[in-house]
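Good morning, and thank you for making room for this short presentation. I would like to walk through one structure with you, going from the overall picture to individual residues.

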Amino acid sequence: MPDPGGRQEGDARRGQRGGPAGRPARGRGRQLGDRERQPRERGRARGSDDAQSYWSGYDILWGPATGRPTARRSPLDRTRIVRAAIRIGDTEGLDAVSMRRIARELRTGAMSLYRHVPDKGALISLMIDEVIGEDELPAAPSGDWRADLWQVVNGMWATMQRHPWYPEAAMERPPITPNGVAALEYVLSIFDDSGLAIGDRMGIVATLSATVTAVAINAAAEARTRARLQMTEDEMMSSAGVYIGRIIESGKFPRFSELMSGFTSGAEHPDPQFELAAAVELILDGIAARLEAARPEAARPEAARPPAVTVRP
């Protein structure tokens with residue numbers, strides 16, 4: 001254990017060297033310690049700020065109502081701002097959504113918007129919640145899980161077609177919003193009597209959502225390509241005919257050739273909704289198998305029960 005007396009004597013000598021007689025050097029040790037701590041503290045502060053920024057807007061959506069009611073409605077409010085942002089996103093894309101652009105749309109100053117929406121991240125969360133709430137949820141599942149899931153899929157697809165920015169926004173800002181959580185709660189309730197664990201139900205929701213999102217994003221990308229090249233879908237397929245024909249004539253890829261022969265022979269190229277329907281039906285068939293496996297053996301049809309196993313001595 002260090003000698004307290006020796007430490008004091010050394011401090012006195014350092015004080016004489018660092019300043020007027022008998023006065024320790026002003027704050028050298030404290031300042032050095034501060035410099036050592038500051039980077040870590042700044043790092044923690046930045047991390048905290050980033051986390052708060054990421055979840056910006058969710059406190060608005062889930063927080064209690066604030067402010068006193070006024071007798072006359074303000075000409076500018078959060079709803080008007082969010083709906084203006086949605087209109088801009090629908091026509092110009094998510095990158096075009098900014099406080100300055102919205103202010104120009106509403107003919108007001110950009111700084112006035114921050115009284116209602118703190119930043120763009122919060123704005124996107126509010127936009128997500130607004131468009132999810134456009135379609136009214138059923139009061140309860142119908143009892144036909146397949147039909148109920150198709151209704152959910154069609155609703156998601158319709159939302160993404162009305163608002164092409166939505167898939168990208170929902171990947172950046174999780175839809176843990178009042179309307180988003182209400183929609184999730186409904187979909188999970190479709191399987192209340194199925195015997196499926198909540199994690200399996202969530203896996204179904206995530207798989208369907210990812211499928212609809214992927215098809216919507218791919219369809220939007222193809223549409224942008226056609227617009228840039230000023231070509232129709234048929235023209236794009238026809239232009240690839242010679243190239244694909246060479247691959248087929250080589251005889252090296254019989255399965256690919258069988259797949260592509262319909263396209264090169266003039267058959268109609270499947271549209272995104274056809275592709276979506278095919279993918280969703282595959283998923284639903286898998287869900288049916290999972291549901292069958294989750295049923296108690298006594299409740300299964302005779303043909304679906306596993307055969308009895310005879311143990312031989």
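Let me begin with a definition, because the first figure rests on it: accessible areas here come from the Shrake-Rupley method with a 1.4 Å probe. On that basis the protein exposes about 21100 Å², and carbon and sulfur atoms supply 54% of that area. Please keep in mind throughout that what you are looking at is a predicted model.

The secondary structure comes to 15 helices and zero strands. Of the 313 residues of the protein, 27% count as buried, and if we take the contacts with a separation of 6 or more, residues 24 or more positions apart account for 68% of them.

Let us turn to the interior. In soluble globular proteins, nonpolar side chains tend to be buried together. The largest nonpolar core in this model has 52 residues, and those with the most contacts inside it are Ile102, Leu123, Met127, Leu149 and Trp165. Several elements give two or more residues to this core, among them H4, helix H5 (99-106), helix H8 (145-162), helix H10 (178-189) and helix H15 (272-294). Which element gives the most to this core? The answer is H7, with eight residues. If you would like one residue to centre your view on, I suggest Met127, which, leaving aside residues up to four places away in sequence, touches Val82, Ala85, Ile86, Leu94, Val97 and Trp165.

I come next to the charged pairs. Side chains of opposite charge can pair when their charged atoms come close. In this model the count comes to 10 salt bridges, and I will take three of them in turn.

In one of them the side chains of Glu130 and Arg83 meet, at 3.2 Å from N to O. Glu130 lies in helix H7 and Arg83 in helix H4 (residues 78-92), so this pair ties together parts that are 47 residues apart in sequence. Glu130 is partly exposed, with a relative accessible area of 28%, and Arg83 is likewise partly exposed, at 46%.

Another joins Glu92 to Arg101, with the closest N and O atoms 2.7 Å apart. Here Glu92 counts as partly exposed at 42% relative accessibility, whereas Arg101, at 16%, counts as buried.

The third example is the salt bridge in which the side chains of Asp192 and Arg201 meet, at 2.8 Å from N to O. Asp192 is partly exposed, at 47% relative accessibility, while Arg201 is buried, with a relative accessible area of 12%. Besides individual pairs there is also a network, in which salt bridges that share partners join Arg87, Glu92, Arg101 and Glu105.

Now a residue in a loop. His116 has its place between helix H6 (110-113) and helix H7 (120-132). Is His116 buried or exposed? His116 is buried, because its relative accessible area is 18% and the cut-off for buried is under 20%. The side chain of His116 reaches the backbone oxygen of Leu76 at 3.4 Å. Not counting residues up to four places away in sequence, His116 touches Ile60, Leu76, Asp77, Arg78 and Ile81.

On the surface, Trp55, Trp62, Ile176 and Val181 make a nonpolar patch of about 380 Å². Of these, Trp62 lies in helix H3 (residues 58-62) and counts as partly exposed, at 47% relative accessibility.

Ile198 is found in helix H11 (residues 198-229), and at 55% relative accessibility Ile198 counts as exposed. Ile198 and Leu188 are 10 residues apart in sequence, and from C-alpha to C-alpha they are 7.6 Å apart in space.

Finally, a word on the backbone. Most residues other than glycine have a negative phi, and most peptide bonds are trans. Arg107, however, has a positive phi, near 55°; Arg107 is found in the loop between H5 and H6 and counts as exposed, at 80% relative accessibility. Phi of Gln230 is also positive, near 55°, and Gln230 is found in the loop between H11 and helix H12 (233-239), where at 73% relative accessibility Gln230 counts as exposed.

That is where I will stop, and I am happy to take your questions.

Note on methods
Residues numbered from 1 in each chain as written. Predicted model: local features only at pLDDT ≥ 70, side-chain atom pairs only at ≥ 80, totals over all residues. Heavy atoms only, no water. Helix = DSSP H or I, 4+ residues; strand = E, 2+ residues; numbered from the N terminus. Buried < 20%, exposed > 50% of the residue type's maximum accessible area, 1.4 Å probe, protein only. Polar contact = N/O pair within 3.5 Å; in protein donor to acceptor, adjacent residues only side chain to side chain. Contact = heavy atoms within 4.5 Å. Patch = residues over 30% accessible without salt bridge, like charges linked within 9 Å, V, L, I, M, F, W, Y side chains within 5 Å. Salt bridge = Lys/Arg side-chain N within 4 Å of Asp/Glu carboxyl O. Core = buried A, V, L, I, M, F, W, Y, C linked by side-chain atoms within 4.5 Å.
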